[in-house]
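Me: I have a model open in front of me and would like to learn how to read it. Could you take me through a few features?

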Amino acid sequence: MANLLYQQIEMLSREKHIEPEVVVSAIEDAMVVAARKYYKTEEDLRAKFNQETGQVDVFSVHIVVEQVTDSNKEVSLTDAKKKNPEVEVGSEIILAKPTDVLGRIAAQTAKQVILQKVREAERDTIFNEYHTRVGELVTVIVKRAEGPDLIVDMGRTEARLPKREQSKLETYNIGERLRVVIKMVDRAAKGPQVIVSRADASLVQRLFEMEVPEIYDGTVQIRFAAREAGERTKVAVASRDKDVDPVGACVGMKGMRVQSIIRELRGEKIDIIPYSEETVAFAQKALSPAKVTRVQITDPEAHKLEVIVEDSQLSLAIGKKGQNVRLASKLIGWDIDIKSEEEKRREIEDQMTRLTAPATPLTSLAGVGAKTIEKMEAAGINNVEALAAMTPEQLMEIPGIGEKMVDKIYQAVNRFYEGGGEAAVATEESAPAVEGAEGSEAVAEGEQPQEQVAENSEVSAETETSAEEAPTDADVSASPENETAGNVEEASAIESTGSTNTNSEKPKHATATEDASESAQGDDAEQPEEAKS
C-alpha cells in the first residue's frame, strides 16, 4: 500500500511536471490543516510522510521554557522532564496526534489543500519554463472555444489565443494545427497563463527564419517589421554580406520562399523592403509600390516627414483606408504627411500670397477699443490677418482679454471680412478727408440753393452712417439758423470724398453736388440775403 501511494505521487509529479517533494509537502500541509480543524487548537502542528509505510503522522510541538507564557506552544521544564528526563530549556517536546479520528470532513479539507498546492506548483513551473520563451514559434492544436477566445493545446500545458491576437480574415476549427508565437506569460491569470498570437509581427519574422537559411544563419537580418494581420505586412531586411541580396534571398527562386509564408498566413500580402540607414531613402522605399518624388524632414525632434508624390501616385501611396502610409510610418518610426504635387503647389502659392499681401492694421476693426488693441499688439498680434488665424483659446491666453471680449473681437473680424476688408479700410481712410474738408469751401457751397442743400444733406447722412466715425448732423440741424450751414458742410464733405476716387466711377450724389454748386454760382443774384452772408 505504501509503495502504491508513493507511485501515485510520482505519477502525478510526471504528469504535472513538478518534483515529487512538492507533492509530498502538499500532503503534509493538508494533514496539518485537517488536524487543526478537527482538534480546534492553536498548537504548533507538524506532519511527516513516511514513504515506507505510507502513513502521514501529525505531531504537536512545544518548546521547553522556565516559565510558561503560551500554553499552546510552550511547556515548563518540570512537565517536560516527566516525559523526557534529559530535556533542557529551549528543547522541543513532540507529541503525536491520532489521525485515524479525523473523519470524512477532514479528508475533504486535506484533498482541497493538496489540489491547491499542486496547482500553485504547476503554475510556478509553467511560468519559469515559458517566460524565457516569449517570441518563440510553436505549433499548437485548437482545443476549444471560450467565447471569442480560443484555448489551444501546447502539449505540456494549455494556452490562450485571444480575439485581439487572431487574424481578421482567418477562421479556426477544433483540432486544427496552428503556428503561433508566444506573446506573453501572465502569472496572475485565472486560466491558462501562456498567451499566444497569430497577429503579431514577430510571427512573420519567425516564419522567415524557418524558410530563409540566410536569415537563420545571420547573413540577412530583419531589421523592422510592421503588420496589419490578415491584410498586409512590411518587412525591412538588410544584408551583412555585400554579395548577398537581402530582398532576393527572402523572395527565393520564383518567389517560392515568400509564397510558402503567404500560404501560412492565408494569403496575406508581404512587402519586402531593403533597409537603409538614411531616413529619407528608407522612407522612399517604405512607401513602395508608390513612387515618391521627394521626402523632406519637417521636424527632426518629433520625427515628422513630408512626402511629395505625383498626383497619379497619391492614392497608391496612401493605400486602402490609409494602410500603406500607416504601415510605412510604423516601419520607419516617423510620422508621414503625404501630399500631391498639385496640393504642395497650392500650399506654396498660398504662403507667397500671405507673405506679399499687405497687412491690415488692427485699428481697421470697428467696435474694438484702443486698450484691447494695445493688449493684442503687446502680445505680438499686429494685423487683422494674424488675429483671424488665432483660436479663441489662444486669444484668452492674452492678459486682460476674457471670454466676452473674445466674442466681441470675433464679431468685429467677421464684420470686417463680410464687408470685403478693403472697402472697410477705404471708408476709414476717407473719414479724415471728410473732417479736413469741412469749412474749406464753406463760402462757395454756402451759395447753393436751399432745396439742393437739403437733398445733399440726406445723401451725406447715409455716407456718415456707413463710415461710423464721421460726426452726425443731429446737433447742427437742431436750430433753423444752423441747418443751412450743417448741410453745406456735409455736401462739401461728399464732394471732397468723391474727388479722391480718381480711378473709379464718380458717385452719383457727388456729381449732383457739383452741378448744384455750379448752378448756384451762376444765379448768385437770385440767392437770399441770409444765404449770401
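Reply: Happy to. Let's begin with the largest cavity, which is lined by Lys16, His17, Glu122, Thr125, Ile126, Glu129, Tyr130, Arg156 and Thr157. Keep in mind that this is a predicted model.

Me: How is empty space found in a structure in general, and what volume does the largest cavity have here?

Reply: The general idea is that rolling a probe the size of a water molecule over the atoms shows where empty space is left. In this case the largest cavity has a volume of about 50 Å³. The count of cavities of 30 Å³ or more comes to one.

Me: Which element gives the largest share of the lining of the largest cavity, and how do the lining residues divide by class?

Reply: Helix 4 gives the largest share, with five residues. By class, the lining holds four charged, three polar and two nonpolar residues.

Me: Let's turn to pockets. How much space lies in the second largest pocket, and which residues are nearest its centre?

Reply: A pocket is an open set of points, whereas a cavity is one where the probe fits but cannot get out. The second largest pocket holds about 570 Å³ of space. Its lining has 24 residues, and those nearest the centre are Lys16, Leu115, Val118, Arg119 and Glu122. You met Lys16 and Glu122 in the lining of the largest cavity too.

Me: Which helices supply at least two residues of that pocket's lining?

Reply: Helix 1 (2–16), helix 2 (20–39) and helix 4 (103–130) each do. Helix 4 provides the largest share of this lining, eight residues. Sorted by class, the pocket lining has 10 nonpolar, nine charged and five polar residues.

Me: Now single residues. Does Glu228 count as buried or exposed, and why?

Reply: Glu228 counts as buried because its relative accessibility is 13%, and buried means under 20%. This residue lies in strand 10. The side chain of Glu228 makes a polar contact of 3.3 Å with the side chain of Gln323. Setting aside neighbours within four places in sequence, Glu228 is in contact with Glu268, Gln323, Arg326, Leu327 and Lys330.

Me: How should I read Gln296, then: what does its accessibility make it?

Reply: Gln296 has 47% relative accessibility, so this residue counts as partly exposed. You will find Gln296 in strand 13 (residues 292–299). Beyond its neighbours within four places in sequence, Gln296 is in contact with Leu305 and Glu306. For a look at sequence against space, try Gln296 and Ile336: they are 40 residues apart in sequence, with 9.9 Å between their C-alpha atoms.

Me: Strand 13 makes me wonder about packing. Which residues of helix 9 are buried, and what do they pack against?

Reply: In helix 9 (residues 279–286), the buried residues are Ala281, Phe282, Ala283 and Ala286. They pack against strand 10 (220–228), strand 11 (232–239), strand 12 (269–274), strand 13, strand 14 (304–309) and helix 11 (323–332). So strand 10, the home of Glu228, and strand 13, the home of Gln296, both belong to the surroundings of helix 9.

Me: Finally, how do I read the chain as a whole: how many helices and strands are there?

Reply: The chain has 22 helices and 15 strands. Of its 533 residues, 40% count as buried. The accessible surface comes to about 31500 Å², and carbon and sulfur atoms account for 49% of that. Among contacts between residues at least 6 apart in sequence, 59% join residues at least 24 apart.

Conventions. Residues numbered from 1 in each chain as written. Predicted model: local features only at pLDDT ≥ 70, side-chain atom pairs only at ≥ 80, totals over all residues. Heavy atoms only, no water. 1 Å grid on protein atoms, 1.4 Å probe; cavity = no way out; pocket = protein on both sides within 12 Å on 5 of 7 lines; lining within 4 Å. Points joined across faces, edges and corners; volume = space filled by probe spheres on them. Helix = DSSP H or I, 4+ residues; strand = E, 2+ residues; numbered from the N terminus. Nonpolar A, V, L, I, M, F, W, Y, C, P; charged D, E, K, R; others polar. Buried < 20%, exposed > 50% of the residue type's maximum accessible area, 1.4 Å probe, protein only. Contact = heavy atoms within 4.5 Å. Areas by Shrake-Rupley, 256 points an atom, 1.4 Å probe, with all protein chains shown as cover. Polar contact = N/O pair within 3.5 Å; in protein donor to acceptor, adjacent residues only side chain to side chain.
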